[in-house]
Amino acid sequence: MKTLAAIDIGTNTIRMLVAKRRGNTLRAVERIRCITGMGRDLRNTGRIGEKEFAASVSTLREFRRRMDALGVVQYRACGTAALRGASNSDSFLEAARSAGVNVEVITAAEEARRTWKGIHGRLRKGDSTVVMDIGGGSTEFIAGDGGNDSVSLPIGVVVACDLLPFSDPPEPWQILNARLYFSDRIRAGTSAWGKRRFRRLVGTAGTFTTLAALEQRMRTYRPERIDGYEMPIGRLRHWEQRLGSLRENERLALPGMEKGRERYIVPGVCQAIAAMECFGTEKLVVSDAGLLEGILLGIPAGKGEKE
């Protein structure tokens, strides 16, 4: 079994999964994540901020050391929304290369396909499912066989915090305003799907995994208890209300809340509820798998940096 690695350079978080692969089966060796807030200044300046730039390159340098220590023979590092839009993305790619990691900026369409590929093995054949991936810069919706039926919207949680008013804690009208904004954007963005309805929504990435961790009061993150965790829409509404009533430092004290996500969790939950209401879906299934697994599964097809 070859030891492979996938890296996702996101708008808020940089993640790495090292795994051994046999066929389409992955066995995780190590998961690392670091919230660097790469896209924090993007909307105001069009650039990755100096502090976030340095933190992100430092994180990649550490990931390079871990890959070497774990005997990784092939890897693929993918940049998403922030690197698609930042005016200094070329400078970042050069700095990443100097740190030992070659980063490829992928399109929103490939991001959606890879996310679907990473989750697909967990979906029941013929199931009426829509996958939602809430990122920092963009949110992807994926449906249909092969994950080719996808929509990418620039409404990620970092972007949303810049666009929409959120006091600390937010006022009730701010939460309602956010929900209405997300509903309008989702309905417009998926209008080509018509009045399509889904039996369930599968949620991947930080907003959803944090919700599952909060629901289980999880002080230590355990992927096996996150993956496949089910929540009815009523529980999401409960967390929207509870988290919205707390200040950011109070949210951070809750078992299951990851440091660096306390600011973005409320718009994330608002967005998830808006999507479920738009699609007439009553049940959320949380997936710990997603883009990273999809990247890994693509490496043997020739996608990846050889050591």
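In what follows, a contact means heavy atoms within 4.5 Å, and a residue is called buried when its relative accessible area is under 20%. The structure described here is a predicted model.

**Overall form**

The protein has 13 helices and 12 strands. Its radius of gyration is 18 Å, which agrees with the value near 19 Å that a compact globule of 307 residues would have. Taken along the principal axes, the box filled by the C-alpha atoms is roughly 50 × 45 × 40 Å. Of the 307 residues, 54% count as buried, and the accessible surface comes to about 13,200 Å², with 47% of that surface belonging to carbon and sulfur atoms. Among the contacts with a separation of 6 or more, 71% are accounted for by residues 24 or more positions apart. The protein carries 48 positive and 36 negative charges, and the mean positions of these two sets are 5 Å apart.

**Helix α13 and its cover**

Helix α13 is mostly covered, since eight of its eight residues are buried. These buried residues are L291, L292, E293, G294, I295, L296, L297 and G298. The cover over them includes the strands β1 (2-9), β2 (13-22), β3 and β4 (74-79), together with helix α5 (108-120).

One residue of this helix, E293, also takes part in a salt bridge: its partner is R31, and the closest N and O atoms of the pair are 3.2 Å apart. Because R31 lies in strand β3 (residues 25-35) and E293 in helix α13 (residues 291-298), the pair ties together parts that are 262 residues apart in sequence. The two ends of this salt bridge can be described separately, for E293 is buried at a relative accessible area of 6%, whereas R31, at 41% relative accessibility, counts as partly exposed.

**Other salt bridges**

Side chains of opposite charge can pair when their charged atoms come close. The structure holds 19 salt bridges, and three of them are set out below.

| Pair | Closest N to O distance | Relative accessible area |
|---|---|---|
| R31 and E293 | 3.2 Å | R31 41%, E293 6% |
| R40 and E52 | 3.0 Å | R40 31%, E52 7% |
| E277 and R237 | 3.1 Å | E277 32%, R237 36% |

In the second pair, R40 forms a salt bridge with E52, and their closest N and O atoms are 3.0 Å apart. This pair links distant parts of the chain, with R40 in the loop between β3 and α1 (42-45) and E52 in helix α2 (residues 50-70), 12 residues apart. Here E52 is buried, with a relative accessible area of 7%, while R40 is partly exposed at 31%.

In the third pair, the side chains of E277 and R237 meet at 3.1 Å, N to O. Since E277 lies in helix α12 (residues 265-279) and R237 in helix α10 (residues 233-244), this salt bridge ties together parts that are 40 residues apart in sequence. E277 is partly exposed, with a relative accessible area of 32%, and R237 likewise counts as partly exposed, at 36%. Beyond these pairs, salt bridges that share partners join R76, E104, E110 and R114 into one network.

Key
Residues numbered from 1 in each chain as written. Predicted model: local features only at pLDDT ≥ 70, side-chain atom pairs only at ≥ 80, totals over all residues. Heavy atoms only, no water. Salt bridge = Lys/Arg side-chain N within 4 Å of Asp/Glu carboxyl O. Helix = DSSP H or I, 4+ residues; strand = E, 2+ residues; numbered from the N terminus. Buried < 20%, exposed > 50% of the residue type's maximum accessible area, 1.4 Å probe, protein only. Rg over C-alpha atoms; globule rule 2.2 N^0.38 Å. Areas by Shrake-Rupley, 256 points an atom, 1.4 Å probe, with all protein chains shown as cover. Lys, Arg positive; Asp, Glu negative; His and termini not counted. Charge placed at Lys NZ, Arg CZ, Asp CG, Glu CD.
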